[in-house]
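Me: I am new to this structure and would like a close look at one part of it. Please take me through the pairing of oppositely charged side chains, with enough of the overall fold to place what I see.

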Amino acid sequence: SSPQNIKDKVTRNIVAFSNAFGTLILGTTYYYTGSESIFNLAILYPTTYYIYDTYLILNKKYYAEYPFIYHHLITIYLLENLFFADTLQRSLLLNILISAELSNLPIYPVYHIIKTGDNQNINFYKKLINWKKFQIFWYIIIRVFYFSYVIYHKYYDINGFFLRNLSLTIYLLGIYWLYGQINSLRNDIKLQKELLNKTD
């Protein structure tokens with residue numbers, strides 16, 4: 001990767017983090033205040049980001065990121081349904097959205113370390129492996145335990161067959177991504193060992 005390419009990726013990662021963090025703050029603020037304007041912002045803010053990022057992936061032909069387009073479109077559809085939902089649905093769908101963004105938070109620092117760190121340095125691996133362990137632990141608590149609870153207990157509370165099953169695919173995607181995170185951690189532990197053997 002060229003320095004410009006890395007710089008672009010680091011910038012995009014910061015923008016993605018701002019989206020997740022901003023959505024969390026707005027969603028949680030709405031929960032506590034019940035303010036309609038905060039609610040509208042909580043929908044508009046991430047919708048704008050997902051439309052922009054989808055456009056970017058297609059325009060720049062980031063082929064490796066095409067699976068994210070599916071994720072983005074599902075999220076936009078979820079946000080649209082959330083916007084027109086009644087009070088009960090609103091609470092349920094907002095809960096799913098906030099939890100999903102919360103589970104993603106450690107992903108951004110991990111990505112930042114990968115893109116800005118020196119992978120020939122043993123401290124780089126120590127820091128990265130610790131962050132990845134935390135990321136996996138955090139992800140399992142929300143995406144596996146909490147989402148399993150939601151799918152098991154609230155599945156039929158979600159209005160509409162299509163939306164209900166889309167929520168299920170988000171859950172299954174989460175499990176699939178977790179598998180990817182664990183493999184990635186194992187690979188880093190292997191690389192750390194190789195580097196340690198080289199320096200011994």
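Reply: A good place to start is the salt bridge in which the side chains of Arg-12 and Asp-53 meet, with N and O 2.9 Å apart; the term stands for a side-chain nitrogen of Lys or Arg within 4 Å of a carboxyl oxygen of Asp or Glu. Everything here is computed from a predicted model, in which local features need pLDDT of at least 70 and side-chain atom pairs count only at pLDDT 80 or more, while totals for chains, interfaces and linings use all residues. Residues are numbered from 1 along each chain as its sequence is written, and side-chain values use heavy atoms, with hydrogens and water left out.

To place this pair, it helps to know the fold. The protein chain has seven helices and zero strands, and its elements, taken from the N terminus on, run α-α-α-α-α-α-α; helices (H or I, at least four residues) and strands (E, at least two) are DSSP runs, numbered from the N terminus. Along its principal axes, the C-alpha trace of the chain spans about 65 × 35 × 30 Å. Of the 200 residues in the chain, 40% are buried, where buried means under 20% relative accessible area, exposed over 50%, and partly exposed in between (1.4 Å probe, protein chains only).

Back at the salt bridge, the side chains of Arg-12 and Asp-53 meet, and this pair links distant parts of the chain, since Arg-12 lies in helix H1 and Asp-53 in helix H2, 41 residues apart. Both partners are covered: Arg-12 counts as buried because its relative accessibility is 17%, and Asp-53 is buried too, with a relative accessible area of 5%.

Arg-12 has a further partner, Glu-65, and in this salt bridge the closest N and O atoms are 2.9 Å apart. Here the link runs from helix H1, where Arg-12 sits, to the loop between H2 and H3, where Glu-65 is found, with the two positions 53 residues apart in the numbering. Glu-65, like Arg-12, is buried. Taken together, Arg-12, Asp-53 and Glu-65 are linked in a network of salt bridges.

The loop that holds Glu-65 has another feature that a careful reader may notice on the backbone. Lys-61 is found in the loop between H2 and H3, and Lys-61 has a positive phi of about 55° although it is not a glycine. Most residues other than glycine have a negative phi.

How many salt bridges does a search of the whole structure find? It finds four, and one of them is formed by the side chains of Asp-188 and Lys-132, with N and O 2.5 Å apart. Asp-188 lies in helix H7 and Lys-132 in helix H6, so this salt bridge ties together parts that are 56 residues apart in sequence. Asp-188 counts as buried because its relative accessibility is 8%, and Lys-132 is likewise buried, at a relative accessible area of 6%.

Helix H6 also offers a contrast in cover. Phe-145 has its place in helix H6, and Phe-145 is exposed, with a relative accessible area of 58%, whereas Lys-132 is buried.
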